[in-house]
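I am opening a notebook page on a structure that is new to me. The entries below record what I looked up, in the order I looked.

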Amino acid sequence: MGDLETEKPLRKIAEAFKELEATINSQAQEVEVASFSHACSLVSPLFGCLGIAFKFAEMDYVAKVRDLVEASKSIDTLQSLLERDIKGNSVRKPGSHTRNLLRVRRGLDMVKILFEQILVTKGGSLKGPASKAYELALAPHHGWTIRKAVAAGMYALPIREQLFNTLNEDGECFGPFQMLNEILYLASS
């Protein structure tokens, strides 16, 4: 991804997922692994903007998306990816594409919930929205140590205005937030 100073990453994410939405809604063709992994790679910097609280999630998400990017070189569609792992009896094995896809979906769910919470929460703090997003999407899959580390890191989150500045967004970004929220919901269902 390019420089956050000159780009509007939320808009780029929204555009990529809007294209996936069109594919999903058409039901004429299956979602390509390459298109899906590209859209997901655009979400990666959002984790970094949230600071230390989401460092583990960022590293995990980036690694899993990278695996899907590599898989896209030999597997065309998400359906084919799933079928291949089912046939190979590797769906639940660590490192399988299907398991990595599940982890990416959890990351997308976290981002979706975060945006929902940002939209309905008053004030400048991201602690409440981020805590809720983590609690619902990722905490059930993490051990006690990671949950405690994330809870401690919540105190280092940027405020809403800092996040928008980092993302080169302004008060007009609520349209892309809402659109991205709807598209992520479609992609993660």
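Entry 1, overall fold. Before reading the pattern I noted that helices here are DSSP runs of H or I with at least four residues, numbered from the N terminus. The model is predicted, and I keep that in mind for every entry. I then read along the sequence and wrote down α-α-α-α-α-α-α-α-α. The count agrees with what I had listed, namely 9 helices and 0 strands.

Entry 2, the chain as a whole. I looked up how much of the protein is buried, and 46% of its 189 residues count as such. I also looked at contacts between residues with a separation of 6 or more. Of these, 71% join residues 24 or more positions apart.

Entry 3, aspartate 67. I picked a single residue and asked where aspartate 67 sits. It is found in helix 3, which covers residues 55–71. Is aspartate 67 buried or exposed? I found aspartate 67 buried, and it has no salt bridge. A salt bridge would need a side-chain nitrogen of Lys or Arg within 4 Å of a carboxyl oxygen. The nearest side chain of opposite charge belongs to lysine 64, and it is 8.1 Å away. I then set aside the neighbours within four places in sequence and looked for what else aspartate 67 touches. The contacts left are His97 and Asn100.

Entry 4, the second largest pocket. I moved on to empty space and stayed with helix 3, which gives 4 residues to the lining of the second largest pocket, the largest share. Helix 5 (97–120) also supplies at least two residues of that lining, as helix 3 does. The pocket holds about 160 Å³ of space. I wrote out its lining as Phe47, Phe56, Ala57, Asp60, Tyr61, Arg103, Arg106, Gly107, Leu138, His141 and His142. Sorted by type, these residues are 5 nonpolar, 3 polar and 3 charged.

Entry 5, the cavity. How many cavities of 30 Å³ or more does the structure hold? I found 1. About 40 Å³ of space lies in this largest cavity. Which residues line the largest cavity? I listed Leu46, Leu50, Leu114, Phe115, Leu163 and Leu167. The lining of the largest cavity divides into 6 nonpolar residues, with no polar and no charged ones. I set this beside the lining of the second largest pocket, where I had noted 3 polar and 3 charged residues.

Technical notes:
Residues numbered from 1 in each chain as written. Predicted model: local features only at pLDDT ≥ 70, side-chain atom pairs only at ≥ 80, totals over all residues. Heavy atoms only, no water. Buried < 20%, exposed > 50% of the residue type's maximum accessible area, 1.4 Å probe, protein only. Lys, Arg positive; Asp, Glu negative; His and termini not counted. Contact = heavy atoms within 4.5 Å. 1 Å grid on protein atoms, 1.4 Å probe; cavity = no way out; pocket = protein on both sides within 12 Å on 5 of 7 lines; lining within 4 Å. Points joined across faces, edges and corners; volume = space filled by probe spheres on them. Nonpolar A, V, L, I, M, F, W, Y, C, P; charged D, E, K, R; others polar.
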